[in-house]
Amino acid sequence: MSEYKGTCFCGAVEVTVSGDPAGMGYCHCSSCRKWSAGPVNAFTLWPPSGVKVTKGADNLGSYAKLPQSARKWCKSCGGHVMTDHAPWNLVDVYAATIPTFPFKPGLHVHYQESVLHIRDGLPKMKDMPKEMGGSGETLPE
């Protein structure tokens, strides 16, 4: 089984992901943009059993602006680590948090909110896939 390690910005929090992610891609929603202070967020979605905080669990802060997303960060450096998506039984460990993981995005979500249009040939979901409560509609590049 594949295993990849990552940390927050200062290294006080360490995470390990193992197995295969449920999905990977880019989120363009305004919440992710504000949280990441960037125009897009690269996500890797894992079943909770595939994510382990191996150091500094007591140093993780959490904030849920919306019930489907509990965002977690290091209380020492403020580095963003992951988001728990309990309604979908998934954990988003930000791609930048696990630098040796071979990130292979499969789609863009919330593309209707995009401020940075990326022409990469990947599907551009208007909001979310149907199985996650979205419309399932795609938009042109």
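# Exercises on a predicted model

Ring pairs join Tyr-4, Trp-46 and Phe-101 into a cluster. The model is predicted: local features need pLDDT of at least 70, side-chain atom pairs count only at pLDDT 80 or more, and totals for chains, interfaces and linings use all residues. Residues are numbered from 1 along each chain as its sequence is written, and side-chain values use heavy atoms, with hydrogens and water left out.

## Exercise 1: aromatic pairs

Classify the pair Tyr-4 and Phe-101, then place both residues in the chain.

Solution.
- Start with the rule. Rings of Phe, Tyr and Trp (its six-membered ring) pair if their centres lie within 6.5 Å; planes under 30 degrees apart are stacked, over 60 edge-to-face, and the rest tilted.
- The count by this rule is four aromatic pairs.
- The centres of the Tyr-4 and Phe-101 rings are 5.2 Å apart and the planes stand at 85 degrees, so the pair is edge-to-face.
- Next, the elements. Helices (H or I, at least four residues) and strands (E, at least two) are DSSP runs, numbered from the N terminus.
- Tyr-4 lies in strand E1 (residues 3–7) and Phe-101 in the loop between E9 and strand E10 (107–109), so the pair ties together parts 97 residues apart in sequence.
- Both Tyr-4 and Phe-101 are buried. Buried means under 20% relative accessible area, exposed over 50%, partly exposed in between (1.4 Å probe, protein chains only).
- Tyr-26 and Phe-103 form another edge-to-face pair, with 5.6 Å between centres and 80 degrees between planes.
- Phe-103 is partly exposed, because its relative accessibility is 24%.

## Exercise 2: the largest nonpolar core

Find which elements give two or more residues to the largest nonpolar core.

Solution.
- A nonpolar core is a set of buried Ala, Val, Leu, Ile, Met, Phe, Trp, Tyr and Cys residues joined through side-chain atoms within 4.5 Å.
- The largest core has 16 residues; among those with the most contacts inside it are Val-17, Trp-46 and Val-81.
- The elements that give two or more residues are strand E2 (14–18), E8 and E9.
- A second, separate core has ten residues, including Cys-27, Cys-29, Cys-32 and Leu-90.

## Exercise 3: Lys-72 in its strand

Identify the bridge partner of Ser-62 in E7, then follow that residue to its salt bridge.

Solution.
- Two strands pair if DSSP finds at least two bridges between them.
- Strand E6 (residues 60–66) and strand E7 (residues 69–74) pair in the antiparallel sense over five bridges.
- E6 and E7 form a hairpin, with two residues between them.
- The partner of Ser-62 in E7 is Lys-72.
- A salt bridge is a side-chain nitrogen of Lys or Arg within 4 Å of a carboxyl oxygen of Asp or Glu.
- Lys-72 meets Asp-84 in a salt bridge, 2.8 Å from N to O.
- Lys-72 is in strand E7 and Asp-84 in strand E8, twelve residues apart.

## Exercise 4: Lys-124

Is Lys-124 buried or exposed, and which residues share its network of salt bridges?

Solution.
- Lys-124 is buried, because its relative accessibility is 1%.
- Lys-124 forms a salt bridge with Asp-120, the closest N and O atoms being 2.8 Å apart.
- Asp-120 is partly exposed, at 33% relative accessibility.
- Salt bridges link Asp-120, Lys-124 and Glu-141 in a network.
- A charge sits over a ring if NZ of Lys or CZ of Arg is within 6 Å of the ring centre and within 35 degrees of the ring normal.
- The charged end of Lys-124 sits over the ring of Tyr-111, 5.7 Å from its centre.
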